[in-house]
Structure formats: C-alpha cells, structure tokens
Amino acid sequence: MGAERIDKLLANTGRFSRKEVKELIRRRQVSVNGALVLRPETKVEPEGAVLRVAGEEIPCGGFTYLMLNKPAGVLTATEDRRQTTVLDLLPPELRRRKLAPVGRLDKDTEGLLLLTNDGVMAHRLLSPNYHVDKVYLAETEGTVDAADVAAFAAGLTLGDGTLCQPAGLEAVGENLCLVTLREGKFHQVKRMLAQRGKPVRRLKRLAMGPLKLDESLEPGAFRPLDGPEIAALTRCCGLPEG
C-alpha cells in the first residue's frame, strides 16, 4: 500500500468526516509516529504507522471494519434499485470503500451485521471449518422446551431434506430463546424453529464469534470496530495479527 493523505486515511476508518479531520488537525489533535500533523494533505504510509487522534491510537490498516445495527425492512445487499440496502445507510466516503456484508440477515431480521472489505476474514467468519458461532435472539409463538433443545443439539433435518448441523438452543424467557449456529443456511433459524412448531415472530442477531452487538447503537446506526475487536476477530479466524 502506498502513502495516503492523512485526511483520507482517517475518513476511511469511518470515525471522522474529512471536515472533522481538518478541524482536529487545526487543533493539533492528530499525530503520526509521535509527530504532530499540521496539514490535512500530509502523506502517510499506513503500514506500521502509529496514528493517534486526541491521544487515542486509531487502526489505519488497509481494511475497514464496521459494526451495523441492522434495522428491520432493510436488505442485506450491496445494491438494489428498488429497496434500501445496508450500504445505503453509510455515508458516501464509506460506500466507496467496496464494503460488503459478512453473511446475510433477512429483510425483517435485525441486529449485528459486520461490513468489511477484508475478503479473507469474511470468508473465514462464514465457513463452518472455522467454527465461528452466530448467536440470535428469537421471539417465538410458544416457548421452547427440553425436547426442542435436544433436537437442535442432535441436528435437524428440515422438511425439504436440508440437513442442519447441531445447534445451541436456550430458553431465556416466555416466548424467547437464544439460538447458536455455526453455519448460515437460507432462513435457517426460522426454518429450524418452525420445524419444532415454534414459528419466529422476531429475530435479532446478537453476536458473531467474539464480536457482540453494541446495544448503544440505534437501529440503522454503525460504528467502526476498535482495535481489540479487530484483533479478536483476527484470532478467531486463524489469521496473523498485525
């Protein structure tokens, strides 16, 4: 990766607009490798650089990682001519980063969605070979029981013959349960619970591996992952850190 303008580099993290970066530089709040940055057009080689804003170290690698609290009614897609997609919720400077959703949440499903341009990490997070758990909160018609838990643990065969790997199921309240999967077949949570006579009324993803939904994010809001979150995902995918 070649050198990039500091204002572009910071804007690409998703934390700041170009205008905000210029103001931070004016206030002498930005440094690279311990040296103050005085001009937004200053070029920086991201590889190995230590970039700080107001004393906080900001990851500035070549990839962008965003956590989105997906609202119901929005498509998990990169583009659609007729309907709002998850990328439509981002500002233009981030849409230009060629981000893609990691996995697919149904249009009416809410919760954690990771958006990134790191294709290797995305592949490993979705591959059953890397055993990355995805946790969902489901509101159902009826409350799951011990027989449902045992059926999920054994692995279900759906009505059309689809085989589902063993999955976790835990009742957490009346008409509420947690479902833990390591795969992502089409409408899988809904189909598995419907197979057990517990149709889903509402579904929300809470976690993907070590990454948990930031409940302070309003539906439709997003934020960049912080350094520890990126490092945890990197480790769970078996990728080299740094």
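## Exercises on a predicted protein model

The protein chain has an accessible surface of about 12400 Å², and 50% of that belongs to carbon and sulfur atoms (areas come from the Shrake-Rupley method with a 1.4 Å probe, and for residues only the protein chains shown count as cover). Before you start: this is a predicted model, where local features need pLDDT of at least 70, side-chain atom pairs count only at pLDDT 80 or more, and totals for chains, interfaces and linings use all residues. Residues are numbered from 1 along each chain as its sequence is written, and side-chain values use heavy atoms, with hydrogens and water left out.

### Exercise 1: the whole chain

Work out how many helices and strands the chain has, and what share of its residues is buried.

Step 1. Go through the secondary structure: you get 7 helices and 15 strands. Here helices (H or I, at least four residues) and strands (E, at least two) are DSSP runs, numbered from the N terminus.

Step 2. Now for burial: of the 242 residues, 43% are buried (buried means under 20% relative accessible area, exposed over 50%, partly exposed in between, with a 1.4 Å probe and protein chains only).

### Exercise 2: the largest core

Find which residues touch the most other members of the largest nonpolar core, and which elements give two or more residues to this core.

Step 1. A nonpolar core is a set of buried Ala, Val, Leu, Ile, Met, Phe, Trp, Tyr and Cys residues joined through side-chain atoms within 4.5 Å. The largest one holds 28 residues, and Leu-115, Phe-152, Val-179, Met-192 and Leu-193 touch the most other members.

Step 2. Two or more residues each come from β7 (65-70), β9 (110-116), β10 (134-140), α5 (146-154), β12 (176-181) and α6 (188-195).

Step 3. There's also a second, separate core of 18 residues, with Met-67 and Ile-230 among them.

### Exercise 3: helix α6

List the buried residues of α6, and say what covers them.

Step 1. Gln-188, Val-189, Lys-190, Met-192 and Leu-193 are the buried residues of α6.

Step 2. Their cover includes β10, α5, β11 (168-173), β12 and β13.

Step 3. Zoom in on Leu-193: beyond its neighbours within four places in sequence, its contacts (heavy atoms within 4.5 Å) include Ala-138, Phe-152 and Val-179.

Step 4. Just past the helix, α6 is followed by Gly-197, with a positive phi near 75 degrees.

### Exercise 4: a pocket

Which element gives the largest share of the lining of the second largest pocket?

Step 1. On a 1 Å grid over the protein atoms alone, a pocket is an open set of points where a 1.4 Å probe fits, with protein on both sides within 12 Å along at least five of seven lines; lining residues have an atom within 4 Å of a point.

Step 2. Of the 19 lining residues, Arg-104, Leu-105, Tyr-136, Gly-184 and Lys-185 are the closest to the centre of the second largest pocket.

Step 3. β10, α6 and β13 (200-208) each give two or more residues to that lining. The largest share, 3 residues, comes from α6.

### Exercise 5: Asn-33 and His-131

Find where Asn-33 and His-131 sit, and check their phi angles.

Step 1. Asn-33 is in the loop between β2 (30-32) and β3 (35-36), while His-131 is in the loop between α4 (119-126) and β10.

Step 2. Asn-33 isn't a glycine, yet has a positive phi of about 55 degrees. His-131 isn't one either, and has a positive phi of about 50 degrees. Most residues other than glycine have a negative phi.

Step 3. As for burial, Asn-33 is exposed, with a relative accessible area of 54%.
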